[in-house]
Amino acid sequence: MKIQTVGVVGAGVMGIGLAQNLAQSGHHVILVDISEEILESANKQIRNNIRFQSFFNKNEKVDNPDYILHQIKFSTNYKFLEDTEFVIENVTEKWDIKKGVYAQLDAICPETTIFAANTSAIPITRIASLTKRADKVIGMHFMNPVPMKPMVEMIRGYHTSDETISTAKELLAQMGKESILVNDSPGFVSNRVLMLTINEAIFLLQDQVASVEEVDRIFKTCFGHKMGPLETADLIGLDTILFSIEVLYESFNDSKYRPCQLLKKMVDAGLFGRKSGQGFYTYNGAI
Ligand code: NAD
């Protein structure tokens, strides 16, 4: 049975991509964030992204920003999530923020609603403990930019039921995506490796071993990676990288995850990467 209405909480880098992708796959979307200003910017961003991606797509309905935006309800009010069958949470990677969000979701959504956490590093079992429906909480780690990435890292929390996993897979199939299911652990598979790699690449820069371009070129030309670690950091968002590596550091109590000073300094200075226009590289216009 097709899932009709999906709640997307958080209209940042990931929430924007998800809302667009879900609307393009024929779902009604309720997109929630904390301010009208953020939602207006999300609306503009989705319009720009559809226009840009229509150069690669050739589907009139999917390419029509008015049609797609009509499928999305933008709101600061969590109450509109009361009719959703599935909610994907994409708020800032901070435990205190996630905590408040799940308390609201659990109180508002029907007990049958599935909650998918699109977190970078926080264990799903820990998130599920914030709700009274631990069997209906799953990790769905989408890749960025969401509409262009066909694979999702899916995480089974301690209590996640087989039924929840199968419904999540069904939703992904409706979105034209596949998944790889892994067990719960901080950072899962992808970010336990990636965050450490990016953090170490920033240490290389701090230690003046090589320039930004040189670090990235080594990964692209020697290993055949599409992007170097510093370009990837800019795409993800340096604030999200810092919060994620902090989660790994606290979770494992292992000094190998200590965040690099330069990363902290850049985040303090507001250099978040593509989303702020400046990170390791400079960006102009839409992301
Ligand atoms: P972001 O900073 O771009 O966006 C986060 C959004 O959450 C902001 O718009 C913020 O206003 C909103 N928010 C904060 N508190 C809220 C609340 N109480 N209710 C509703 N919205 C609230 O971050 P992002 O990059 O979109 O990351 C979101 C989540 O997805 C994080 O957990 C991150 O670790 C994860 N993630 C990020 C990437 C990536 O490449 N950026 C990839 C996979 C997963």
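Start at Glu 93: an N or O atom in its side chain sits 2.5 Å from an oxygen atom of the ligand. Keep in mind that this is a predicted model.

**Stop 1: the ligand**

Stay on the ligand and select Ser 120. A polar atom of the Ser 120 side chain is 2.5 Å from a ligand oxygen atom. Now pick Val 13. Here a polar backbone atom is the partner, 3.0 Å from an oxygen atom of the ligand. How much of the ligand's accessible area does the protein cover? On its own the ligand has 830 Å² of accessible area, and the protein covers 90% of that.

Widen the selection to the whole shell. It holds 27 residues around the ligand. The closest are Asp 33, Tyr 78, Glu 93, Lys 98 and Ser 120. Colour the shell by residue type: 13 are nonpolar, 10 polar and 4 charged.

Next, show the helices. H1 (13–24) and H4 (95–108) each supply at least two residues of the shell. Which element gives the largest share? H4 does, with 3 residues.

**Stop 2: Glu 89**

Select strand E4, residues 86–89, and find Glu 89 in it. Buried or exposed? Glu 89 has 1% relative accessibility, so it counts as buried. Show its side chain together with that of Tyr 102. The two side chains make a polar contact at 2.6 Å. Beyond its sequence neighbours up to four places away, Glu 89 touches Val 9, Lys 98, Val 101, Tyr 102, Ala 116, Ala 117 and Asn 118. Lys 98 is also among the closest residues to the ligand.

**Stop 3: Val 32**

Move to strand E2, residues 28–32, and click Val 32. Its relative accessibility is 1%, so Val 32 is buried. Leave out neighbours within four places in sequence, and its contacts include Val 8, Val 9, Gly 10 and Ala 11. Also on the list are Leu 39, Ser 75, Thr 76, Asn 77, Tyr 78 and Leu 81. Tyr 78 is another of the residues closest to the ligand.

Now draw a distance from Val 32 to Val 215. They are 183 residues apart along the chain, and their C-alpha atoms are separated by 38 Å.

**Stop 4: Thr 113**

Follow the chain out of H4. Thr 113 is in the loop between H4 and strand E5 (114–117). What is its relative accessible area? It is 0%, so Thr 113 is buried although it is in a loop. Show what packs around it. With neighbours within four places set aside, Thr 113 contacts Thr 84, Glu 85, Phe 86, Val 87, Arg 133 and Lys 136.

**Stop 5: backbone oddities**

Most peptide bonds are trans, and most residues other than glycine have a negative phi. Three places to check follow.

- Select Asn 144 and Pro 145. The peptide bond between them is cis, with omega near 0°. Pro 145 lies in the loop between strand E6 (137–141) and strand E7 (151–156).
- Select Phe 188. Its phi is positive, near 55°. Phe 188 is in the loop between strand E8 (178–183) and helix H7 (190–206). At 4% relative accessibility, Phe 188 is buried.
- Select Asn 253. Its phi is also positive, near 50°. The loop here runs between helix H10 (238–252) and helix H11 (261–268). Asn 253 is exposed, at 69% relative accessible area.

**Stop 6: Gln 174**

Go to helix H6, residues 162–174, and select Gln 174. Why does it count as partly exposed? Its relative accessibility is 22%, and the partly exposed class runs between 20% and 50%. Setting aside neighbours within four places, Gln 174 contacts Met 1, Lys 2, Ile 3, Ser 25 and His 27. Then draw a distance to Leu 230. Gln 174 and Leu 230 are 56 residues apart in sequence and 33 Å apart in space, C-alpha to C-alpha.

**Stop 7: an aromatic pair**

How many aromatic pairs are there? The count is 3. One of them is Phe 219 with Phe 223, an edge-to-face pair. The ring centres are 5.4 Å apart, with 80° between the planes. Both residues lie in helix H8, residues 212–223. They are 4 residues apart, about one turn of the helix. End on Phe 223: its relative accessible area is 54%, so it is exposed.

Definitions and conventions: Residues are numbered from 1 along each chain as its sequence is written. This is a predicted model: local features need pLDDT of at least 70, side-chain atom pairs count only at pLDDT 80 or more; totals for chains, interfaces and linings use all residues. Side-chain values use heavy atoms; hydrogens and water are left out. A residue is near a molecule or strand if one of its heavy atoms lies within 4 Å of it. A polar contact is a pair of N or O atoms within 3.5 Å; within protein, one must be able to donate a hydrogen and the other to accept it, and residues adjacent in sequence count only if both atoms are side-chain atoms. Accessible areas come from the Shrake-Rupley method with a 1.4 Å probe; for residues, only the protein chains shown count as cover. Ala, Val, Leu, Ile, Met, Phe, Trp, Tyr, Cys and Pro count as nonpolar, Asp, Glu, Lys and Arg as charged, and the others, Gly among them, as polar. Buried means under 20% relative accessible area, exposed over 50%, partly exposed in between (1.4 Å probe, protein chains only). Contact means heavy atoms within 4.5 Å. Rings of Phe, Tyr and Trp (its six-membered ring) pair if their centres lie within 6.5 Å; planes under 30 degrees apart count as stacked, over 60 as edge-to-face and the rest as tilted.
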